[in-house]
Amino acid sequence: AGGSVIREEVETLRRLILYRPIIIEFSDTRLGPLVQRSYTYKGSDIVDNAASAVVEIEYHILSDRAQNKLIKKYGLPPDTQKLFKLDSYDFSF
């Protein structure tokens with residue numbers, strides 16, 4: 001903790017749908033039920049002077065655009081939580 005970020009990677013799984021007049025799913029990159037995704041990092045992937053690595057898993061229920069629309073059009077309170085931190089792993093080397 002308190003160090004600087006050497007490298008950051010983000011992967012977004014998303015579903016894009018249109019609700020009117022019928023539900024149309026344009027794209028879906030989410031994982032299916034009970035499907036797991038694994039990531040492997042080799043020592044050579046991390047800069048030599050790194051002391052640790054942090055992996056954070058977050059669940060976003062709304063994009064910024066969707067949240068703004070719900071605030072403006074339907075009166076969603078602006079402080080409504082849209083991101084939930086599911087887990088965090090800290091690996092020391």
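Is Lys85 buried, partly exposed or exposed? In this predicted model, Lys85 has a relative accessible area of 49% and is therefore partly exposed, the exposed class being reserved for values over 50%. The legends below place this residue and others in their surroundings.

**View 1. Overview of the chain, with 1 helix and 4 strands.**
The elements follow the order β-β-β-α-β from the N terminus. The mean pLDDT of the chain is 79, and 85% of the residues reach a score of at least 70. Among the elements, helix 1 (residues 64-74) has the highest mean pLDDT, 88, whereas strand 1 (residues 15-18) has the lowest, 79. Of the 93 residues in the chain, 5% are buried. The chain exposes about 8700 Å², of which carbon and sulfur atoms supply 54%. Among contacts with a separation of 6 or more, 54% are between residues 24 or more positions apart.

**View 2. The hairpin of strand 1 and strand 2.**
Strand 1 and strand 2 pair in the antiparallel sense, with 4 bridges. Between the two strands of this hairpin lie 5 residues. Within the pairing, Leu16 stands opposite Ser27 of strand 2. A salt bridge also joins Arg15 and Glu25, whose closest N and O atoms are 3.1 Å apart. This pair links distant parts of the chain, with Arg15 in strand 1 and Glu25 in strand 2 (residues 24-28), 10 residues apart. Arg15 has a relative accessibility of 39% and is therefore classed as partly exposed. Glu25 is likewise partly exposed, because its relative accessible area is 42% and the partly exposed class ends at 50%.

**View 3. The salt bridge between Asp28 and Arg30.**
The side chains of Asp28 and Arg30 meet with an N to O distance of 2.9 Å. Side chains of opposite charge can pair when their charged atoms come close. Asp28 has a relative accessible area of 32% and so counts as partly exposed. Arg30 is also partly exposed, at 43% relative accessibility. The count of salt bridges in the model comes to 4, and the pair of Asp28 and Arg30 is one of them.

**View 4. The salt bridge between Glu56 and Lys85.**
An N to O distance of 3.3 Å separates the side chains of Glu56 and Lys85 in their salt bridge. The two residues lie in distant parts of the chain: Glu56 belongs to strand 3 (residues 52-60) and Lys85 to strand 4 (residues 83-92), 29 residues apart. Glu56 is partly exposed, with a relative accessible area of 45%. Lys85, at 49%, is partly exposed as well.

**View 5. A nonpolar surface patch of about 730 Å².**
The patch is made by Val55, Ile57, Tyr59, Ile61, Phe84, Leu86, Tyr89 and Phe91. Strand 3 and strand 4 are the elements that give two or more residues to this patch. The largest share comes from strand 4, with 4 residues. Tyr89, one of the residues of the patch, is located in strand 4. At 37% relative accessibility, Tyr89 is partly exposed; the value is over 30%, so Tyr89 meets the accessibility cut-off for a patch residue.

**View 6. The surroundings of Gln67 in helix 1.**
Gln67 has a relative accessible area of 9% and is therefore buried, since this class covers values under 20%. Beyond its neighbours within four places in sequence, Gln67 is in contact with Leu62, Leu76, Pro78, Thr80 and Lys82. One of these partners, Leu76, is found in the loop between helix 1 and strand 4.

**View 7. Leu76 in the loop between helix 1 and strand 4.**
When residues up to four places away in sequence are not counted, Leu76 touches Leu62, Gln67, Leu70 and Ile71. Leu62 thus recurs in both sets of contacts, since Gln67 and Leu76 each touch this residue under the 4.5 Å cut-off. Leu76 has a relative accessible area of 22%, which is not under 20%, and therefore counts as partly exposed. By contrast, Gln67, with 9%, is buried.

Note on methods
Residues numbered from 1 in each chain as written. Predicted model: local features only at pLDDT ≥ 70, side-chain atom pairs only at ≥ 80, totals over all residues. Heavy atoms only, no water. pLDDT = per-residue confidence, 0-100. Buried < 20%, exposed > 50% of the residue type's maximum accessible area, 1.4 Å probe, protein only. Areas by Shrake-Rupley, 256 points an atom, 1.4 Å probe, with all protein chains shown as cover. Patch = residues over 30% accessible without salt bridge, like charges linked within 9 Å, V, L, I, M, F, W, Y side chains within 5 Å. Pairing = 2+ DSSP bridges.
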